[in-house]
Amino acid sequence: MKRSKWLIIEIVAAIILVVLVLFFVKRKMEDRKYLEEQQKLQVSIKSVASEEVKINDTHESDLTDKQNQLEEDLQRRELEKIERENNISKRMYSELNKEFNSVLAIIEIPNSNILFPIVQGEDNEFYLNHGKDGEYHPFGEVFLDYINKPDFSDYNTVIYGHNIRSAKAIFNALLHYENQEYYDMHKFIKIHNGDGLSTYQVVSVFRADPDENYREVSFKSDKDFNAFLDEYHKRSVVQTDPITGDNMITLSTCFTNDDRLVIQAVKINR
């Protein structure tokens, strides 16, 4: 009887072990597949920018030969640079939106692996486990809070993304922002959409309770909004320059089940 009992226990243990191994292998395959898909997508997005840069290289060389140090020439060159950057952003967005009409923008943190499409659902649940094609995907997508305007015109536009530790994917790289040196080298966040390029400067890095009001979208006045900015700037775990404004983005990802890592950045270009 005892021998039979131990045999049953061994069989159950073996089944559990097999299930765990299969789950581990399945997860690793999902990680690898996602990373391969993401790498292809990023190459595709960057190729659009590269083509635009090549188109403008000759034009810029011609200008360099002729230009002088007069202030009006410097201003003209700056305006032309802004126009080129906006054209690149519009093309990057347009090419991706043609393939996936759910995409409303692209988020980029230069010199990092963060270069993702941004989508928006009718709630904050769907894109937790669905891709931009609407199909189920365990990693989900980077997405706007459903109450935000899709054109990023709210005082505070909130952007969510999973922290996929196993594949070091989606918003996992945001965890590095708690390191001062990393922040110093990654102060700027770019948003590319149909309107062109918007650049934001990081002003706060902190951990928060999921129910905190860091996701507040509307404010009665610029004064109230800047008081909100100041409140979280004081909580930042890295030293940043305080910046006032009238428009910001908030990146939010899970640090643990009980708290969120939050990155706040103020728009610095108009």
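**Figure 1. The largest nonpolar core of the predicted model has 35 residues.** Within this core, the residues with the most contacts are Ile 107, Ile 118, Phe 152, Ile 159, Tyr 177 and Ile 189. The model is predicted, not determined by experiment. Leaving aside neighbours within four places in sequence, Ile 189 is in contact with two other residues of that group, Ile 107 and Tyr 177. The contacts of Ile 189 also include Glu 108, Ile 109, Ser 198, Thr 199, Tyr 200 and Val 202. Further along the sequence, Ile 189 is in contact with Ile 249, Leu 251, Ile 263 and Ala 265.

**Figure 2. The whole chain, for orientation, has four helices and ten strands.** Read along the sequence, the pattern is α-α-β-β-β-β-β-β-α-β-β-α-β-β. Of the 270 residues in the protein, 43% are buried. Among contacts with a separation of 6 or more, 62% are between residues 24 or more positions apart. The protein exposes about 15,900 Å², and carbon and sulfur atoms supply 53% of this area.

**Figure 3. Ile 191 lies in strand β7.** With a relative accessible area of 1%, Ile 191 is under the 20% limit and therefore buried. Not counting residues up to four places away in sequence, Ile 191 touches Ala 105, Ile 106, Ile 107, Ile 118, Phe 152 and Ile 159. The list for Ile 191 also includes Gly 196, Leu 197, Ser 198, Tyr 200 and Ile 249. Ile 191 and Ile 249 are 58 residues apart along the chain, and their C-alpha atoms are separated by 9.7 Å.

**Figure 4. Phe 152 is found in the loop between β3 (142-144) and β4.** At 5% relative accessibility, Phe 152 counts as buried. Phe 152 is not a glycine, yet its phi is positive, at about 65°. Among the residues that touch Ile 191 is Phe 152, and Phe 152 is also one of the residues with the most contacts inside the largest nonpolar core.

**Figure 5. Phe 143 is placed in strand β3.** Phe 143 is buried, with a relative accessible area of 3%. Its contacts, leaving aside neighbours within four places in sequence, include Ile 118, Val 119, Asn 124, Tyr 127 and Leu 128. Phe 143 is also in contact with Val 158, Ile 159 and Tyr 160. Two of these partners, Ile 118 and Ile 159, are listed among the residues with the most contacts inside the largest nonpolar core. Lys 132 is eleven residues from Phe 143 along the chain, and the two C-alpha atoms are separated by 9.6 Å.

**Figure 6. His 186 has its place in the loop between α3 (180-185) and β7 (188-193).** Its relative accessibility is 8%, so His 186 counts as buried. The side chain of His 186 reaches the backbone oxygen of Asn 111 at 3.0 Å. Not counting residues up to four places away in sequence, His 186 touches Ile 109, Pro 110, Asn 111, Ser 112, Tyr 177 and Val 202. Ile 109, Tyr 177 and Val 202 are also among the contacts of Ile 189.

**Figure 7. Helix α4 spans residues 222-233.** At 1.5 Å a residue, its twelve residues should span 16 Å, and the end C-alpha atoms are 16 Å apart, which agrees. The buried residues of α4 are Phe 225, Asn 226, Phe 228, Leu 229, Tyr 232 and His 233. Seen down the axis of α4, these buried residues fall within an arc of 150°, so they line one face of the helix. An α-helix has 3.6 residues a turn, so residues three or four places apart point the same way. What covers the buried residues of α4 includes the strands β4 (156-160), β8 (196-208), β9 (248-254) and β10 (260-267).

**Figure 8. Lys 168 and Ile 170 are shown in and beside strand β6 (residues 169-170).** Lys 168 has its place in the loop between β5 (163-164) and β6, whereas Ile 170 is in strand β6. At 56% relative accessibility, Lys 168 counts as exposed. Ile 170, with a relative accessible area of 2%, is buried. Phi of Ile 170 is near 50°, a positive value in a residue other than glycine. The C-alpha atoms of Lys 168 and Asn 113 are separated by 9.5 Å, and the two residues are 55 residues apart along the chain.

Definitions and conventions: Residues are numbered from 1 along each chain as its sequence is written. This is a predicted model: local features need pLDDT of at least 70, side-chain atom pairs count only at pLDDT 80 or more; totals for chains, interfaces and linings use all residues. Side-chain values use heavy atoms; hydrogens and water are left out. Helices (H or I, at least four residues) and strands (E, at least two) are DSSP runs, numbered from the N terminus. Buried means under 20% relative accessible area, exposed over 50%, partly exposed in between (1.4 Å probe, protein chains only). Contact means heavy atoms within 4.5 Å. Accessible areas come from the Shrake-Rupley method with a 1.4 Å probe; for residues, only the protein chains shown count as cover. The expected span of a helix is 1.5 Å times one less than its number of residues. The arc is that of the directions from the helix axis to the C-beta atoms. A polar contact is a pair of N or O atoms within 3.5 Å; within protein, one must be able to donate a hydrogen and the other to accept it, and residues adjacent in sequence count only if both atoms are side-chain atoms. A nonpolar core is a set of buried Ala, Val, Leu, Ile, Met, Phe, Trp, Tyr and Cys residues joined through side-chain atoms within 4.5 Å.
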